[in-house]
Amino acid sequence: MNYLSTRGHPDRKRFCEILLEGLAPDGGLYLPQTYPQVDTDTLAKWRTLPYNELAFEILSLYIDDIPAADLKAICAKTYTAEVFGSDEIVPLRELEDGVYLEALSNGPTLAFKDMAMQLLGNLFEYELARRGAELNILGATSGDTGSAAEYAMRGKKGVRVFMTSPDGRMSPFQQAQMFSLQDENIHNIAITGVFDDCQDIVKAVSNDLGFKRKYRIGTVNSINWARLLAQVVYYFAGYFQATASNDKPVSFTVPSGNFGNVCAGHVARMMGLPIQTLVVATNENDVLDEFFRTGVYRVRAAVDTHETSSPSMDISKASNFERFVFDLVGRDPARLRQLFVDDLGLKGSFDLSADPAFQQAAERFGFRSGRSTHADRLAMIRDTEKRFATLIDPHTADGLKAAREQLVPGVPMVVLETALPIKFAATVVEALGEEPARPKKFEGIEALPKRVVQLPADAEAVKAYIAEHCD
Ligand SMILES: *Cc1c(COP(=O)(O)O)cnc(C)c1O
């Protein structure tokens with residue numbers, strides 16, 4: 001399998017070459033040259049496989065530069081009941097007739113990002129050992145991504161993590177999750193400033209090419225193809241649990257921010273998994289809902305990006321969206337560049353409303369969308385608790401709200417649960433007046449010793465810290 005850039009760069013690369021890279025050299029995103037097709041016989045064989053073996057089957061269609069036995073071992077080591085809390089790994093629960101929640105949040109940090117990041121940690125360790133190389137991951141987080149990356153990379157050989165976060169702005173639980181890690185290869189850096197300052201620092205350090213090369217700086221952000229690929233697996237696993245045979249369509253609703261999660265659903269659908277509809281659920285930051293309703297993709301400025309009670313979906317632009325649009329415009333890199341380089345660069349938006357391709361977003365690719373507000377979120381949390389005795393987090397509530405607007409009789413609707421309620425306790429308390437339950441392993445973590453340094457919002461200070469801790 002070869003990978004290409006959405007923006008038309010002539011190079012073709014293999015999986016392990018792009019594993020440790022971010023953007024393609026022309027600023028595009030990597031995609032496989034074709035989507036492997038899965039027929040009904042294959043689906044029948046896969047239906048009864050344990051999760052780690054299903055993951056191996058799907059991954060091996062996209063990865064041909066890791067020996068099969070090694071890839072199999074990596075999948076077996078990653079997806080265990082010990083790490084993800086059950087043999088199913090992503091158990092499906094029926095809320096009511098035809099509406100399901102797929103649990104993706106029982107990994108080490110209680111959000112779905114563990115599903116991909118845990119695999120990435122093991123792939124990185126494997127590939128770095130094979131190359132005899134090291135990698136220093138520099139990131140910025142306002143919560144979920146940073147903790148998922150740290151729990152995936154902790155103790156891994158050849159990898160260090162330098163994770164910046166805005167000082168005092170994460171929830172106490174999120175801070176405790178990250179700062180209580182005592183592993184020597186994990187460095188928490190609390191920046192005096194806001195999340196944007198952290199992102200600016202990461203950009204500034206990455207743009208210093210000399211520093212980047214010397215200190216082997218890398219990232220684990222959501223545009224990484226390996227993360228997306230790992231997420232394809234749970235669409236298959238959800239499908240098998242929601243159906244008894246492989247001729248039944250299923251729809252999925254996905255709480256969305258950077259379009260990584262739902263893009264994995266698009267890939268699964270392109271491979272031939274019988275997905276009828278992919279519902280993109282957004283909060284007040286409704287860049288994506290606006291596109292799927294109107295055909296206009298309009299990137300927001302920082303001041304127009306709302307701080308909401310589903311904060312992991314607070315985005316101003318959706319960094320994986322370019323992957324879907326590439327397929328939408330028939331994989332034409334010139335057209336793609338016109339939209340993402342010329343139009344977005346010049347006006348901050350593009351308009352496909354008059355383009356037949358836009359009609360295809362719904363008809364050919366199955367996309368629908370929905371949007372919710374803080375009040376919707378609270379109502380959905382209350383309703384789900386009252387009618388089904390089930391506690392959901394605010395992001396999953398955004399999903400459930402959009403799902404209910406798109407139900408089709410006879411077609412199971414699977415809502416992806418992207419976090420556990422304890423991670424966003426304040427909103428759950430606002431809705432229900434009670435603290436959500438906390439898994440045993442997180443009891444009392446706020447009281448554990450913290451391992452974190454404070455630095456000013458200054459890229460030079462962060463560079464100096466990295467240089468000092470890189471021997
Ligand atoms: C990251 C995240 C999202 C958004 O996922 P994308 O892949 O960026 O669309 C939704 N919910 C939670 C809880 C998250 O952590």
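# A tour of a predicted model

Start with D286, which is buried, with a relative accessible area of 12%. The model you have open is predicted, and the stops below follow that residue outward before turning to the ligand, a domain annotation and two helices.

**The surroundings of D286.** Keep D286 selected and add R300: their side chains meet in a salt bridge, with N and O 2.7 Å apart. D286 sits in the loop between β10 (275–282) and α13 (287–294), while R300 sits in the loop between β11 (296–298) and α14 (321–328), so the pair ties together parts that are 14 residues apart in sequence. R300 also counts as buried, at 12% relative accessibility; the cut-off for that word is under 20% relative accessible area. Now extend the selection to E290, R298 and R371, because these residues are linked with D286 and R300 in a network of salt bridges.

**Two salt bridges across longer stretches of sequence.** Over the whole model the count comes to 29 salt bridges. For one of them, select R404 and E96, whose side chains meet at 2.6 Å, N to O. R404 belongs to helix α18 and E96 to strand β3 (residues 92–96), so this pair ties together parts that are 308 residues apart in sequence. Both ends are partly exposed, R404 with a relative accessible area of 24% and E96 at 25%.

Next select K463 and D208, a salt bridge in which the closest N and O atoms are 2.7 Å apart. K463 lies in helix α20 (residues 459–468) and D208 in the loop between α9 (195–207) and α10 (209–214), so parts that are 255 residues apart in sequence are tied together here. On the lysine side, K463 is buried, with a relative accessible area of 11%, whereas D208 counts as partly exposed at 27%.

**Back to α18.** Return to helix α18 (residues 394–404) and pick out H395, which is found in that helix. H395 is buried, with a relative accessible area of 2%. If you leave aside its neighbours within four places in sequence, H395 is in contact with P255, with S310, P311, S312 and M313, and with T418 and F424.

**The ligand.** Select the ligand and the residues around it: there are 15 of them, and the closest are K113, D144, G257, N258 and N261. Which atoms of K113 should you look at? An N or O atom in the side chain of K113 is 2.6 Å from an oxygen atom of the ligand. For N258 it is the backbone that matters to the view, since a backbone N or O atom of N258 lies 2.7 Å from a ligand oxygen. A polar backbone atom of N261 is likewise 2.9 Å from an oxygen atom of the ligand. Taken alone, the ligand exposes 390 Å², and the protein buries 96% of that.

**The annotated N-terminal region and helix α3.** Select residues 2–79, which an unreviewed UniProt entry annotates as "domain: Threonine synthase N-terminal". Over this range the chain is 42% helix and 8% strand, with the end C-alpha atoms 26 Å apart. Inside the range, narrow the selection to helix α3 (residues 51–60) and colour its buried residues, which are Y51, L54, A55, F56, I58 and L59. To read the spacing of those positions, recall that an α-helix has 3.6 residues a turn, so residues three or four places apart point the same way. Finally, show what the buried residues of α3 pack against: α2 (40–46), α4 (68–78), α6 (113–131) and α11 (225–242).

Key
Residues numbered from 1 in each chain as written. Predicted model: local features only at pLDDT ≥ 70, side-chain atom pairs only at ≥ 80, totals over all residues. Heavy atoms only, no water. Buried < 20%, exposed > 50% of the residue type's maximum accessible area, 1.4 Å probe, protein only. Helix = DSSP H or I, 4+ residues; strand = E, 2+ residues; numbered from the N terminus. Contact = heavy atoms within 4.5 Å. UniProt positions renumbered as here; feature names shortened; annotations may be inferred. Salt bridge = Lys/Arg side-chain N within 4 Å of Asp/Glu carboxyl O. Near = heavy atom within 4 Å. Polar contact = N/O pair within 3.5 Å; in protein donor to acceptor, adjacent residues only side chain to side chain. Areas by Shrake-Rupley, 256 points an atom, 1.4 Å probe, with all protein chains shown as cover.
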